Amino acid sequence: MNRIRQLSLYLTAGAIGALVNSLAVWIAGSIGLTTALGAQIAPTLTPNWLYPRLTWGAIWGLLFFVPLKSTGNARKRIIWQGLIVSLGPTLAQLLYFFPTGGKGFLGLQLGITTPLFVIVFNAIWGIVAAAWIVAAR
């Protein structure tokens with residue numbers, strides 16, 4: 001696959017992963033799951049909240065250019081790559097965006113389970129992005 005097609009695929013996969021991730025975060029917050037489990041994460045689904053998430057999700061999708069060596073079939077490899085790639089935005093959120101945004105180290109000012117939710121929600125992003133790549137190929 002040529003580089004321009006890969007670029008398009010990875011950006012799109014990242015954006016679609018971000019859309020599903022965002023809907024998961026919003027639903028979990030709306031039904032009170034995050035609050036019940038100790039994290040004050042309950043965003044309102046608005047364009048101002050969603051747009052940057054889609055943009056950043058697309059940009060993070062470029063991490064799929066990083067080759068990872070693994071064995072097994074291609075579908076399993078890409079899903080594992082999605083999980084590994086999801087560690088990039090996870091670490092950025094926990095170690096940079098939360099602290100600089102006034103939410104404390106690892107976002108702990110939002111609750112003790114916040115890091116766990118960030119890991120799970122970003123894993124959703126990685127798996128969906130990877131699944132999109134598999135489906136598009």
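At 43% relative accessibility, Ile 27 falls in the partly exposed class, since that class takes in values between the 20% limit for buried and the 50% limit for exposed. The structure here is a predicted model, and Ile 27 sits in its helix α1. This residue also belongs to a nonpolar patch on the surface, where Leu 19, Leu 23, Ile 27, Ile 31, Leu 33, Leu 37 and Leu 45 together make up about 590 Å². Helix α1, which runs over residues 3–30, is the top contributor to the patch, with three residues.

Turning to the aromatic side chains, the count of ring pairs comes to six. One of them brings together Tyr 10 and Phe 65 in an edge-to-face arrangement, with 4.8 Å from centre to centre and 80 degrees between the planes. The two partners come from distant parts of the chain, 55 residues apart: Tyr 10 is in helix α1, while Phe 65 is in the loop that joins α3 (47–60) and α4 (74–85). Tyr 10 has a relative accessible area of just 4%, so this residue is buried. Phe 65 comes out at 28% and therefore counts as partly exposed.

A second edge-to-face pair is made by Trp 56 and Phe 97, with the ring centres 6.0 Å apart and the planes at 65 degrees. Here, too, distant parts of the chain are linked: Trp 56 belongs to helix α3 and Phe 97 to helix α5 (residues 87–100), and 41 residues separate them. Trp 56 is partly exposed, as its relative accessible area is 44%. Phe 97 gets the label partly exposed because its relative accessibility is 35%. As for Tyr 10 and Phe 65, their story doesn't end with a single pair: ring pairs tie Tyr 10, Phe 64, Phe 65 and Trp 125 into a cluster.

That leaves the empty space. Rolling a probe the size of a water molecule over the atoms reveals where such space remains. The largest pocket in the model has a volume of about 710 Å³. Its lining is made of 24 residues, and the ones closest to the pocket centre are Asn 21, Arg 53, Gln 93, Phe 97 and Asn 122. Phe 97 thus turns up in two places, as a ring partner of Trp 56 and as a lining residue of the largest pocket. Four helices, α1, α3, α5 and α6 (114–136), each put at least two residues into the lining. Of the contributors, α3 gives the most, with six residues.

How values were computed:
Residues are numbered from 1 along each chain as its sequence is written. This is a predicted model: local features need pLDDT of at least 70, side-chain atom pairs count only at pLDDT 80 or more; totals for chains, interfaces and linings use all residues. Side-chain values use heavy atoms; hydrogens and water are left out. Patches are made of residues with over 30% relative accessible area and no salt bridge: like charges are joined within 9 Å, nonpolar side chains (Val, Leu, Ile, Met, Phe, Trp, Tyr) within 5 Å. Accessible areas come from the Shrake-Rupley method with a 1.4 Å probe; for residues, only the protein chains shown count as cover. A salt bridge is a side-chain nitrogen of Lys or Arg within 4 Å of a carboxyl oxygen of Asp or Glu. Buried means under 20% relative accessible area, exposed over 50%, partly exposed in between (1.4 Å probe, protein chains only). Rings of Phe, Tyr and Trp (its six-membered ring) pair if their centres lie within 6.5 Å; planes under 30 degrees apart count as stacked, over 60 as edge-to-face and the rest as tilted. On a 1 Å grid over the protein atoms alone, a cavity is a set of points where a 1.4 Å probe fits but cannot get out, and a pocket is an open set with protein on both sides within 12 Å along at least five of seven lines; lining residues have an atom within 4 Å of a point. Grid points are joined across faces, edges and corners, and a volume is the space filled by probe spheres set on the points.
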